[in-house]
Amino acid sequence: MPSWREFWDSAHSIYVSERHKDVHYRDVAEQLAGFMSHPNARVLDHGSGEAIHADLVAAAAREVLLCDSAASVRASIAARFAGNPKIKVIAPEDVERLPGASLDLIFANSLVQYLTPAELDRLLALWRRLLAPNGVLIVADVIPPHVGALSDGIALIRYAGANGFLGAALVGLGRTALSRYRRLRSELGIARYSEAEFLAKLRAAGFSGERLAKNVEHNPARMTFRARPAPLTS
Ligand SMILES: C[S@@+](CC[C@H](N)C(=O)[O-])C[C@H]1O[C@@H](n2cnc3c(N)ncnc32)[C@H](O)[C@@H]1O
């Protein structure tokens, strides 16, 4: 039985070109850095992917932990950032061993759609334990039930047009239609949540959350949430 975990741990063509990958990760890193409230922040990027511009985040933080479940992705980021003492690459098991209340910002972009609802609940509980009382959780690129491949395709074309890789995007979209990603997406599905459902999940895990006006990634129909630990009631 194929799985999303295996997919992310293999060679895939989710980015239509090197330019797309570069623009994407720079954009994500700049926005992640913008969520930091102070330069002493300890940050976790959970499901970081290759995070090729994580040095931009590190320049604005005390420490950046990059966690990805794919061993091949971890090896690639560890090699890329071997010379940067502020960046540490860790596996999901390592995140579970971090001390409570030790993180100021937890960021998860384009991760939760590849988790089952039960896996998401476990992660939300873990993130709640790890966040400092004034810490912030950002969960981005959450897909609402009505948003599908057409919306993603149009958003990619707009993003590509604005960032100089339109030709590659048009070719890439044709390729994606026949790709392993598309097959897996119809076989395994991806998790979708309405705004109200996601806010309810955050609440149930002990956060108070809000949907931000703008999604981190290029599809404005997908959603970004900011959440803070809710005070414990006795
Ligand atoms: C769509 S990519 C997003 C990468 C990156 N966050 C970005 O902004 O481009 C999803 C990433 O999450 C990782 N991933 C999937 N499930 C995970 C889990 N349970 N824990 C940590 N990483 C996970 C995958 O290996 C993959 O690299």
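Modeller: Two strands count as paired if DSSP finds at least two bridges between them. The model discussed here is predicted, and with that rule we can begin with E6 and E7, where Arg211 stands opposite Phe225 in E7.

Colleague: What makes E6 and E7 a pair, and in which sense do they pair?

Modeller: The requirement is at least two bridges, and E6 and E7 have 5 of them, in the antiparallel sense. E5 and E7 also pass the test, since 4 bridges join them and they run antiparallel, with Leu137 standing opposite Ala227 in E7.

Colleague: How do you know in which sense strand E2 and E3 pair?

Modeller: Strand E2, residues 63-67, is joined to E3 over 4 bridges in the parallel sense, where the rule asks for at least two, so the two are a pair by that rule. Within this pairing, Leu66 stands opposite Val89 in E3.

Colleague: Why is the pairing of the whole sheet called mixed, and what is the order of its strands?

Modeller: The sheet is open and has 7 strands, in the order E3-E2-E1-E4-E5-E7-E6, with mixed pairing; the word fits a sheet that holds both the parallel pair E2 and E3 and the antiparallel pair E6 and E7.

Colleague: Which strands stand at the edges of the sheet, and what makes them edge strands?

Modeller: Strand E3 (87-90) and strand E6 (207-211) each have a single partner strand, so one side of each is left without a neighbour in the sheet. From one strand to the next, the twist averages 20°.

Colleague: How do you know which strands helix H2 packs on?

Modeller: Contact is a matter of heavy atoms within 4.5 Å, and helix H2, residues 18-34, touches strand E1 (42-46) and strand E4 (103-109), its direction making about 150° with that of E4. Helix H10, residues 195-204, likewise packs on the sheet, where it touches strand E5 (131-142), E6 and strand E7 (223-229), and its direction makes about 160° with that of E6.

Colleague: What makes E7 a mostly covered strand?

Modeller: A residue is called buried when its relative accessible area is under 20%, and 5 of the 7 residues of E7 are buried.

Colleague: Why is Ala191 called buried?

Modeller: Its relative accessibility is 12%, and the cut-off is under 20%, so Ala191 counts as buried. Ala191 lies in the loop between helix H9 (180-188) and H10, and, leaving aside neighbours within four places in sequence, it is in contact with Val112, Gln113, Leu115 and Ile143.

Colleague: And how do you know whether Ala58 is buried or exposed?

Modeller: Ala58, which is found in helix H3 (residues 54-58), has a relative accessibility of 2%, and this is under 20%, so Ala58 counts as buried. Beyond four places in sequence, its contacts are Val64, Asn84, Lys86 and Ile87.

Colleague: What makes Lys201 and Asp121 a salt bridge?

Modeller: The rule asks for a side-chain nitrogen of Lys or Arg within 4 Å of a carboxyl oxygen of Asp or Glu, and the closest N and O atoms of Lys201 and Asp121 are 2.7 Å apart, so the pair qualifies. The pair links distant parts of the chain, with Lys201 in helix H10 and Asp121 in helix H6 (residues 117-130), 80 residues apart. Lys201 is buried at 16%, whereas Asp121 is partly exposed at 38%.

Colleague: How do you know that Glu63 and Arg42 meet in a salt bridge?

Modeller: Their N to O distance is 2.5 Å, and the limit is 4 Å, so this pair qualifies as well. Glu63 lies in strand E2 and Arg42 in strand E1, so the pair ties together parts that are 21 residues apart in sequence. Both fall under the 20% limit for buried residues, with Glu63 at 13% and Arg42 at 16%.

Colleague: Why is Arg226 called partly exposed, and not buried?

Modeller: Partly exposed is the class between under 20% and over 50%, and Arg226 has a relative accessible area of 25%, so partly exposed is the right term. Arg226 forms a salt bridge with Glu210, the closest N and O atoms being 2.9 Å apart.

Colleague: What makes Ile157, Leu166 and Leu170 a patch?

Modeller: A patch takes residues with over 30% relative accessible area and no salt bridge, and joins nonpolar side chains within 5 Å. Leu170, for one, has a relative accessibility of 49%, and together the three residues form a nonpolar patch on the surface with about 240 Å² of accessible area.

Methods
Residues numbered from 1 in each chain as written. Predicted model: local features only at pLDDT ≥ 70, side-chain atom pairs only at ≥ 80, totals over all residues. Heavy atoms only, no water. Patch = residues over 30% accessible without salt bridge, like charges linked within 9 Å, V, L, I, M, F, W, Y side chains within 5 Å. Areas by Shrake-Rupley, 256 points an atom, 1.4 Å probe, with all protein chains shown as cover. Buried < 20%, exposed > 50% of the residue type's maximum accessible area, 1.4 Å probe, protein only. Helix = DSSP H or I, 4+ residues; strand = E, 2+ residues; numbered from the N terminus. Axes fitted to C-alpha atoms, helices over the stretch in contact; angles between N-to-C directions.
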